[in-house]
Structure formats: structure tokens, C-alpha cells
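Here is a colleague's note to read beside the structure. Please keep the view open and go to each residue as it is named.

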Amino acid sequence: ILSNSRKGKMGMLVGIYNQIAEHVVPLPALREQPFMFPPFYCSDQGWVTWRWKVIGNLSVAKEEVTYPLFKQGTDSIGWRIVDEDRAYEATAEEVKELEYARLWTMPSVERRIEQYIASS
């Protein structure tokens, strides 16, 4: 969990580290790994239901996380870039590489991880 500043509006900002292991990796070593895919928003249901296990906790200082930009819209209605605090108009080219600002469900996150691992 990278940030919960928008938990009530959009969900929690989460990053999945690109680390696959049979045993728990020391948490500081995770910080050296890239994410499997860009950070995304999801609800806390994975942790509340214990479907996703908490293996530890490291504080993440605000300056350690560059809040990602997300996109909203379509070519027909226009595009907006969304950051943590605001949204502004953008071109299709500006949003081309951005993730959609949407709430990922537990099953969709799990499928995305499985697809990532299968393609690696």
C-alpha cells in the first residue's frame, strides 16, 4: 500500500513488487525491486478478508512515492489526466501510456499478476 490518501474516494494506491519467491523476502530488499506493472487503485478487501496476507510493514515516506498519473475519458468525449489532487484536460497522445483511473477488484488484480508471471 503506497498511499491511502484517496481511500474514501478512489481506493488505496497499491504497487505489486516484481518478486516471486518460495520464502518471505526481507522487506527492505523489496524496495530495490521494480513493480510488476504501474501502481493502481484497489479496495482494502484483500487484506480485510485475509485473502491477501500481510507479510510485514515498512513505512513509506511521501517523498519516496512519485504519485502516478492516470487517465479518464475516451477519444470521443476527450481525455483528462488525474493525479492525486486534481484532474486536467489532456490529448490522446498525453494519456497514451497511462493507466485508467479505476478501482481494481481482487480477482482482476490476481488475474493481472497471473498474466504477468505467465508472460515472464
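**Notes on the predicted model**

1. A hairpin joins strand 4 to strand 5, with 4 residues making the link. These two strands pair in the antiparallel sense over 4 bridges. One position to find is Val82, whose bridge partner in strand 5 is Ala87. Please bear in mind throughout that this is a predicted model.

2. Strand 4 also has a partner on the other side of the numbering. Strand 3 covers residues 70-74 and strand 4 covers residues 78-82, and the two pair over 5 bridges in the antiparallel sense. They too form a hairpin, here with 3 residues between the strands. To see the register, start at Gln72 and look across to Arg80 in strand 4, which stands opposite.

3. In which sense do strand 3 and strand 6 run, parallel or antiparallel? They run parallel, and 2 bridges join them. Strand 6 consists of residues 99-100. Phe70 has Glu99 as its bridge partner in this strand.

4. Gly73 is a residue of strand 3. Its relative accessible area is 23%, so Gly73 is partly exposed, given that buried means under 20%. Setting aside neighbours within four places in sequence, Gly73 is in contact with Gly78, Trp79 and Tyr100. Another distance to check is the one from Gly73 to Ala101: these residues are 28 apart along the chain, and their C-alpha atoms are separated by 9.5 Å.

5. Asp83 deserves a paragraph of its own. It is found in the loop between strand 4 and strand 5, the latter being residues 87-90. Is Asp83 buried or exposed? Its relative accessible area is 17%, and because buried means under 20%, Asp83 counts as buried.

6. What does the side chain of Asp83 reach? One atom is the backbone nitrogen of Asp85, at 2.9 Å. Another is the backbone nitrogen of Arg86, at 2.8 Å. Arg86 appears again as a salt-bridge partner: the closest N and O atoms of Arg86 and Asp83 are 3.7 Å apart. Leaving aside neighbours within four places in sequence, Asp83 is in contact with Tyr67, Pro68, Leu69 and Tyr88.

7. How many salt bridges does the model have? The count comes to 4. One of them joins the side chains of Arg51 and Glu110, with an N to O distance of 2.5 Å. Arg51 lies in the loop between helix 2 (45-48) and strand 3, while Glu110 is in helix 4, so this pair ties together parts that are 59 residues apart in sequence. Arg51 counts as partly exposed, at 45% relative accessibility.

8. Glu93 and Lys96 form another salt bridge, and their closest N and O atoms are 3.4 Å apart. The two residues fall into separate accessibility classes. Glu93 has a relative accessible area of 57% and is exposed, because the class begins over 50%. Lys96 has a relative accessible area of 48% and is partly exposed.

9. The loop that holds Arg51 also contains Trp50, between helix 2 and strand 3. Please look at the backbone here: phi of Trp50 is near 65°, a positive value in a residue other than glycine. With a relative accessible area of 52%, Trp50 is exposed.

10. Helix 4 runs over residues 106-119. Does the length of this helix agree or disagree with what its residue count leads one to expect? At 1.5 Å a residue, its 14 residues should span 20 Å, and the end C-alpha atoms are 20 Å apart, so the two values agree.

11. Which residues of helix 4 are buried? They are Met106, Ser108, Val109 and Arg112. These buried residues pack against strand 2 (40-42), helix 2, strand 6 and strand 7 (103-104). Strand 6 has come up already, as the parallel partner of strand 3, and helix 2 as one end of the loop that contains Arg51.

Methods. Residues are numbered from 1 along each chain as its sequence is written. This is a predicted model: local features need pLDDT of at least 70, side-chain atom pairs count only at pLDDT 80 or more; totals for chains, interfaces and linings use all residues. Side-chain values use heavy atoms; hydrogens and water are left out. Two strands pair if DSSP finds at least two bridges between them. Buried means under 20% relative accessible area, exposed over 50%, partly exposed in between (1.4 Å probe, protein chains only). A polar contact is a pair of N or O atoms within 3.5 Å; within protein, one must be able to donate a hydrogen and the other to accept it, and residues adjacent in sequence count only if both atoms are side-chain atoms. Contact means heavy atoms within 4.5 Å. The expected span of a helix is 1.5 Å times one less than its number of residues.
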